[in-house]
Amino acid sequence: MKFLLAARPVLLTACVLAAVVLAGCAAKSDPAVDGSAEWRLRSLEESFLQFQEAQRSQEDRLKHLESRLEERLKRLETELEEVKAQQTASAGLAPAEPPVARSPEPRPWTQPPVSASSQTPSKSAAPALKSSSASKPAPAPARAPSAKEIQNAYERGLKLVLADKPGPGRDALKEFLARYPDNSLTPNALYWIGETWYAQKDYTQAVLSFKDVTQKYPRHPKASAALYKSALAYEATGDKANAVFYLKALLDEYPRSEEASPARVKLKALGG
């Protein structure tokens, strides 16, 4: 747009010169040529007038846009000032009060006044206090069993098993597992339950109990014993293949265990 404004005098000058040249040429030529020159001159004048009109329209449009832009900027500045004022108020940035020197003397005026009626207990409050004092005390929380009590519960079942009382011993060990399922003696109790089944020649239940030990507690010392007794249980049922399998598993997983030595002897006897 600035280029067009700057070129406006040049274009005007060019049009005038073109008109003069055409006029001069017309004076020296024939009538047919004069008509053509006159037509060209008018065309140039009309084009120049159209250019001036378009330029004025463009200038008016630019002025209108500048006016709208200025209004928007003023409105944005006003809104920005309002937002800053709200943030300052919400952040509590109000000017701080100057510090006040305080004396060590008591300041009774800072306490709210107490009326005579408020110092005397009301009649309605008395029954409430009486009923509160008469309420029953909350029951004491259940006492956690001591380590000695847990140990005694386990040993009671174990002693029955070792006393060749597999049924009562198994019941006592199951009661122990029900009361203390996450105790460190839980793998031992599971193993001895398998021993009770083995003693009663219920080899299927014995193997299932021994598997509880090896599957749930593979790092427990009773895991190697459970594998060995599983092999013996399979051998007792005539399942030599599974007996050999469990003996080899014992030697692979626990080669330094107490049961490893008898397992090698048994494996050799079975031809495994």
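# Exercises on a predicted helical model

D164 is placed in the loop between helix 5 and helix 6. The model it belongs to is predicted, and the exercises below work through it, starting from this residue.

**Exercise 1. Describe the backbone angle and the exposure of D164, and then do the same for K201.**

Solution. Begin with the backbone: D164 has a positive phi of about 60 degrees, although this residue is not a glycine. Next, take the relative accessibility of D164, which is 62%, and set it against the limit of over 50% for an exposed residue; D164 therefore counts as exposed. Now turn to K201, which is found in the loop between helix 7 and helix 8. Phi of K201 is near 60 degrees, again a positive value in a residue other than glycine, and with a relative accessible area of 61% K201 is exposed.

**Exercise 2. State which elements make up the protein, and how much of it is buried.**

Solution. Count the elements: the protein has eleven helices and zero strands, so that from the N terminus on the order reads α-α-α-α-α-α-α-α-α-α-α. Then consider burial, where buried residues make up 26% of the 272 residues. Finally, look at the contacts with a separation of 6 or more, of which 45% are accounted for by residues 24 or more positions apart.

**Exercise 3. Decide where the model should be read with caution, using pLDDT.**

Solution. Start from the whole protein, whose mean pLDDT is 79, with 72% of the residues reaching 70 or more. Then look for weak stretches: over residues 97–103 the pLDDT stays under 50, and the model has one contact beyond four places in sequence for them. Over residues 106–118 the pLDDT is likewise below 50, and this stretch has two contacts beyond near neighbours in sequence. Where pLDDT is low, the predicted coordinates should not be read in detail.

**Exercise 4. Check the length of helix 10 against its number of residues, and find what its buried residues pack against.**

Solution. Helix 10 covers residues 240–253, which is 14 residues, and at 1.5 Å a residue it should span 20 Å. The C-alpha atoms at its ends are 20 Å apart, so the model agrees with the expected span. As a next step, list the buried residues of this helix, which are A243, V244, Y246, L247, A249, L250 and L251. These buried residues pack against helix 8 (203–216), helix 9 (222–236) and helix 11 (260–270).

**Exercise 5. Classify two of the aromatic pairs, and find the charges that lie over rings.**

Solution. A search of the whole structure finds seven aromatic pairs. In one of them, the rings of Y198 and Y203 have centres 5.4 Å apart and planes at 70 degrees; since planes over 60 degrees apart count as edge-to-face, this pair is edge-to-face. Of its two members, Y198 is partly exposed at 21% relative accessibility, whereas Y203 is buried, with a relative accessible area of 17%.

A second pair, formed by Y234 and Y246, is stacked, with 5.2 Å from centre to centre and 20 degrees between the planes. This pair links distant parts of the chain, because Y234 is in helix 9 and Y246 is in helix 10, twelve residues apart. Y234 counts as buried at 15% relative accessibility, and Y246 counts as buried at 11%.

For the charges, note first that R170 lies over the face of W197, at 3.7 Å from the ring centre. The charged end of K229, in turn, sits over the ring of Y198, 4.2 Å from its centre.

**Exercise 6. Describe the largest nonpolar core, and follow F176 within its surroundings.**

Solution. The largest nonpolar core has 21 residues, of which Y154, L173, F176, L177, A189, Y191 and W192 touch the most other members. The elements that give two or more residues to this core are helix 5 (147–162), helix 6 (166–179), helix 7 (186–199), helix 8 and helix 9, and helix 7 gives the most, with six residues. Apart from this core lies another, of 20 residues, including L247, L250, A260 and L270.

Now follow F176, which forms one aromatic cluster with Y154 and Y180. Leaving aside neighbours within four places in sequence, F176 is in contact with I150, A153, Y154, N183, L185, T186 and A189. As general background, nonpolar side chains tend to be buried together in soluble globular proteins.

Key: Residues are numbered from 1 along each chain as its sequence is written. This is a predicted model: local features need pLDDT of at least 70, side-chain atom pairs count only at pLDDT 80 or more; totals for chains, interfaces and linings use all residues. Side-chain values use heavy atoms; hydrogens and water are left out. pLDDT is the predictor's confidence in each residue, from 0 to 100. Contact means heavy atoms within 4.5 Å. Helices (H or I, at least four residues) and strands (E, at least two) are DSSP runs, numbered from the N terminus. The expected span of a helix is 1.5 Å times one less than its number of residues. Buried means under 20% relative accessible area, exposed over 50%, partly exposed in between (1.4 Å probe, protein chains only). Rings of Phe, Tyr and Trp (its six-membered ring) pair if their centres lie within 6.5 Å; planes under 30 degrees apart count as stacked, over 60 as edge-to-face and the rest as tilted. A charge sits over a ring if NZ of Lys or CZ of Arg is within 6 Å of the ring centre and within 35 degrees of the ring normal. A nonpolar core is a set of buried Ala, Val, Leu, Ile, Met, Phe, Trp, Tyr and Cys residues joined through side-chain atoms within 4.5 Å.
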